[in-house]
Amino acid sequence: MDIISKYNYIIYIILMMIGFYTMIRKNNMVKKLIGMNIFQTAIILFYISIGAKRGGAIPVVDPAIAEVVARDIVNPLPHVLMLTAIVVSVSVTGVALATMLKIYKAYGSIDEDQILERVKQHEL
Amino acid sequence: MNSNIPVLVLASPLLGALAVNLLGKISKKHVTPWTLGSLVLSAAGSYVVLAKVLRHGTFTYTVGGWNPPYGIQLVLDPLSAIMLAVVSTVALIATGVALPSIKKEMLNRSHLFFSLYLILVSGMMGLVITGDAFNLYVLLEIVSITSYGLIAMGKGGRAPLASFNYIIMGTIGACFYLLGVGYLYLMTGTLNMEDIASSLSGLYGSPTVAAAFCFIMIGLLIKMGFFPLHGWLPNAYSYAPVGASVLIAPLMTKITVYLMIRILFRIFTPDFIFAAHSGIRHLVVWVAALGVIAASVIALNQKNFVRMLTYVIIAEVGYMVGGIWLGNTEGLTGTIFHIINDAFMTVCFFSVAAALLYRVGTTRIENLHRLFEKMPLTMAVLVVGALSVVGVPPLCGFFSKWYLLLGGFAAHHYGFVIALIFSSAANAVLFFRVLEAAFSKDEMTQPEDAHAEEGGEASGREDAPAFMIPSLVAVAVALILLGLNAQTVVSQLVQRAILNL
């Protein structure tokens, strides 16, 4: 029962494996990129799960309440870290898309097998 | 003012990048002074920091006045200060070569190129001195994203293709690192490296810590191009514009090796790695030895000088990782000394490659003819670099390899010792082939013709462009000085760095 209540950790591993498989197995570059995004999102889910608490309050401390009990408040630090990770993931995606445009202009395809064929033709 | 130098060292190229980007749009004249100026400033700052650390010992800088464990700390111990000085010096040397080469290749986009270039340098220097595990991830990604961009600026379709593969592999590496840091955070509740290390001391048996360790190490091994995970490296470095690879190739792999040392010894401590998990240790050294041999063999099959260099780099990564995991002082001394030496050797080779591309237009070994007549200075620098990488005594490559060999013997890892000797022999063959081609005449089949041509073309002497010459001379002098003063460097810098780990 214990493991089922931690379903978010199981989902993160499943998502990560889906992303990993897509990145390695697929030939289409857009699919690879989507796999990469799923992979990164899985890690974001993991971090969010670390900080979350069942029934936890938002981490804004009301000065009217004298005592702050850390156990009742969600840990905001992992969530904040993930804002940075999202920024990183967006910029990597941006660079990857721009690179892909350049590849498409050069070879007229975003399928790796077709591109490799064309590379061989260029070199001959 | 004096106390803010560590952060000014980082800020100078960053502000330089902004200036290059904005002013370079107006006129390309602004690119050179701003790029060089900001790098000279940060190099000067890094020497001040190194002198301060050597005199007064380790100090830390608290960014923005936010105290650790919540704020970000820059840690300047002897090792990171040495690395900072090496990075800024190599970046300065590389810039002297990159400026003329990029202006020739893509004048219209040179301001864009150099603003990315400066951000990359800034990121590398931050990576070396940061004391925060998550900040390290962010800087690792800054460095990687700028390298993706710089590599994709190469000619034709192969460069973006190589860059795309690097993006996929690099992201997997960075995500593994991030996941490992997440596991450490889960166990310790902090991201500051010192703090993690102190909370971790009672947790060495925990499977979560072991998982964190594996994730972080695999992430770094991907990023540094360690042998079975090196797939992205040769294409990325050989299809990139040579102005980019002259900066990325010498520094990226070495900085990642340094990060590995830093994380192993500052976060996990030797007790954890070498006592609790000694099985992994032997495995890594064996894989490193295999990697050194395999990369050397593949390098022997290359027909292009730059592509050959990329496999030499992979072999050198094997040396350094093996040296760390030997688990004794000699090996670690060799590794740290080799990080310094190899950064200078690699920048030497890529500078020569840039000069060749500038004048000859190709780096295919079979097309390199009569270069000793045509470019005597460039070739002299290449000879110095080649002797160093082969390991001829007065030059620095010999001494770091010597320590690595001593480490191999002390740890009874004869496979690693054999790999090192094999790779030295392979390097001798590799560079002899290049030098032989460069020494030969144009037409090997018609010696009379070549002889006749020699008289007619006596004025064919055209060395590297004047702008590159200071860099080429500086790197050759650095290799010789590091070799002649090896004893001092090891006792004054490297061993102090190890004592402070």
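Are R266(B) and D77(B) buried or exposed? In this predicted model, both R266(B) and D77(B) are buried, and they make a useful starting point because R266(B), with a relative accessible area of 12%, falls under the 20% that marks a buried residue. The side chains of R266(B) and D77(B) meet in a salt bridge, with a distance of 2.4 Å from N to O. This pair links distant parts of the chain, since R266(B) belongs to helix 10 (residues 242-276) of chain B, whereas D77(B) sits in the loop between strand 2 (73-76) and helix 3 of chain B, 189 residues apart.

R266(B) also has another partner, for its side chain meets that of E194(B) in a salt bridge of 2.6 Å, again taken from N to O. Because E194(B) lies in helix 7 (residues 193-200) of chain B and R266(B) in helix 10 of chain B, the pair ties together parts that are 72 residues apart in sequence. E194(B) is partly exposed, with a relative accessible area of 39%, while R266(B) is buried. Through shared partners, the salt bridges join D77(B), E194(B) and R266(B) into one network.

A further salt bridge brings together the side chains of K223(B) and E141(B), at 3.4 Å from N to O. K223(B) lies in helix 8 (residues 207-224) of chain B and E141(B) in helix 5 (residues 133-152) of chain B, so this pair ties together parts that are 82 residues apart in sequence. K223(B) is buried, with a relative accessible area of 2%, and E141(B) is buried as well, with a relative accessible area of 1%. Over all chains, the structure holds five salt bridges.

How many salt bridges are there between chain A and chain B? The count between the two chains is zero. Chain A and chain B nevertheless bury about 2900 Å² between them, and 80% of that area is on carbon and sulfur atoms. The contact takes 35 residues from chain A and 32 residues from chain B.

Within chain B, the packing of helices can be followed through helix 3 (residues 78-105) and helix 13 (residues 329-359), which pack at an angle of about 5° with their axes 10 Å apart. Since an angle under 35 degrees counts as roughly parallel, helix 3 and helix 13 of chain B are therefore roughly parallel to each other. On the side of helix 3 of chain B, the residues making the contact include L79(B), I82(B), M83(B), V86(B) and K104(B), and on the side of helix 13 of chain B they include I336(B), I339(B), I340(B), F344(B) and Y358(B). By class, this contact has 18 nonpolar, three polar and one charged residues.

One of the participants from helix 13 of chain B, I339(B), can be looked at on its own. At 2% relative accessibility, I339(B) counts as buried. Not counting residues up to four places away in sequence, I339(B) touches M83(B), K254(B), V257(B), Y258(B), I261(B) and M320(B). The C-alpha atoms of I339(B) and F265(B), which are 74 residues apart along the chain, are separated by 16 Å.

Other buried positions in chain B can be described in a similar way. V381(B) lies in helix 15 (residues 376-390) of chain B and is buried, with a relative accessible area of 4%. Leaving out residues up to four places away in sequence, V381(B) touches C348(B), V352(B), L472(B), V475(B) and A476(B), and its C-alpha atom is separated by 9.6 Å from that of A474(B), 93 residues away along the chain. H111(B), in helix 4 (residues 110-129) of chain B, is buried with a relative accessible area of 7%. Apart from neighbours within four places in sequence, H111(B) is in contact with V20(B), N21(B), G24(B), K25(B), K28(B) and V31(B).

What, finally, is the phi of H412(B)? Phi of H412(B) is near 60°, a positive value in a residue other than glycine. Most residues other than glycine have a negative phi. H412(B) lies in the loop between helix 16 (396-410) and helix 17 (414-439) of chain B, and at 56% relative accessibility H412(B) counts as exposed.

Notes:
Residues are numbered from 1 along each chain as its sequence is written. Chains are lettered from A and ligands numbered from 1 in the order in which they are written. This is a predicted model: local features need pLDDT of at least 70, side-chain atom pairs count only at pLDDT 80 or more; totals for chains, interfaces and linings use all residues. Side-chain values use heavy atoms; hydrogens and water are left out. Helices (H or I, at least four residues) and strands (E, at least two) are DSSP runs, numbered from the N terminus. Buried means under 20% relative accessible area, exposed over 50%, partly exposed in between (1.4 Å probe, protein chains only). Contact means heavy atoms within 4.5 Å. Axes are lines fitted to C-alpha atoms, for helices over the stretch in contact, and angles run from 0 to 180 degrees between N-to-C directions. Angles under 35 degrees count as roughly parallel, over 145 as roughly antiparallel, 65 to 115 as roughly perpendicular and the rest as oblique. Ala, Val, Leu, Ile, Met, Phe, Trp, Tyr, Cys and Pro count as nonpolar, Asp, Glu, Lys and Arg as charged, and the others, Gly among them, as polar. Buried area is the accessible area (1.4 Å probe) that two parts lose on being put together, summed over both. A salt bridge is a side-chain nitrogen of Lys or Arg within 4 Å of a carboxyl oxygen of Asp or Glu.
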